[in-house]
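Thank you all for coming. I would like to walk you through one structure, beginning with the chain as a whole and ending with a pair of aromatic rings.

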Amino acid sequence: MKSNLFARCFVAILLVAGFVWALSSSSSAQSGRKPPPSSQNERQLEKDSEREKSPNRPLADNTPVTVDER
């Protein structure tokens with residue numbers, strides 16, 4: 001009788017542990033996509049940050065400047 005009760009408790013604990021493990025493992029498998037920006041300010045900030053990361057933009061304006069003698 002005692003071993004029967006122990007077996008039932010053991011099975012119940014295993015089922016609960018398996019259920020908790022299944023829930024926690026499925027929540028960690030979400031994609032890393034960003035949600036769409038909610039306002040125009042956020043979109044502008046996102047564009048600015050992308051522009052800063054771009055390696056093709058010039059670091060400085062190196063165009064020659066002519067100065068009058070006056």
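Helices (H or I, at least four residues) and strands (E, at least two) are taken here as DSSP runs, numbered from the N terminus. By that reading, the chain comes to two helices and zero strands. Please keep in mind that this is a predicted model, in which local features need pLDDT of at least 70 and side-chain atom pairs count only at pLDDT 80 or more, while totals for chains, interfaces and linings use all residues. Residues are numbered from 1 along each chain as its sequence is written, and side-chain values use heavy atoms, with hydrogens and water left out.

If we call a residue buried under 20% relative accessible area, exposed over 50% and partly exposed in between, with a 1.4 Å probe and protein chains only, then 0% of the 70 residues of the chain count as buried.

Now to the rings: which aromatic pairs does a search of the whole structure find? There is one, and since rings of Phe, Tyr and Trp (its six-membered ring) pair if their centres lie within 6.5 Å, with planes under 30 degrees apart counted as stacked, over 60 as edge-to-face and the rest as tilted, the rings of Phe6 and Phe10, with centres 6.4 Å apart and planes at 20°, make a stacked pair. Phe6 and Phe10 are four residues apart in helix α1 (residues 2-27), and so about one helical turn separates them.

As for their surroundings, Phe6 is exposed, at a relative accessible area of 60%, whereas Phe10, at 46%, counts as partly exposed.
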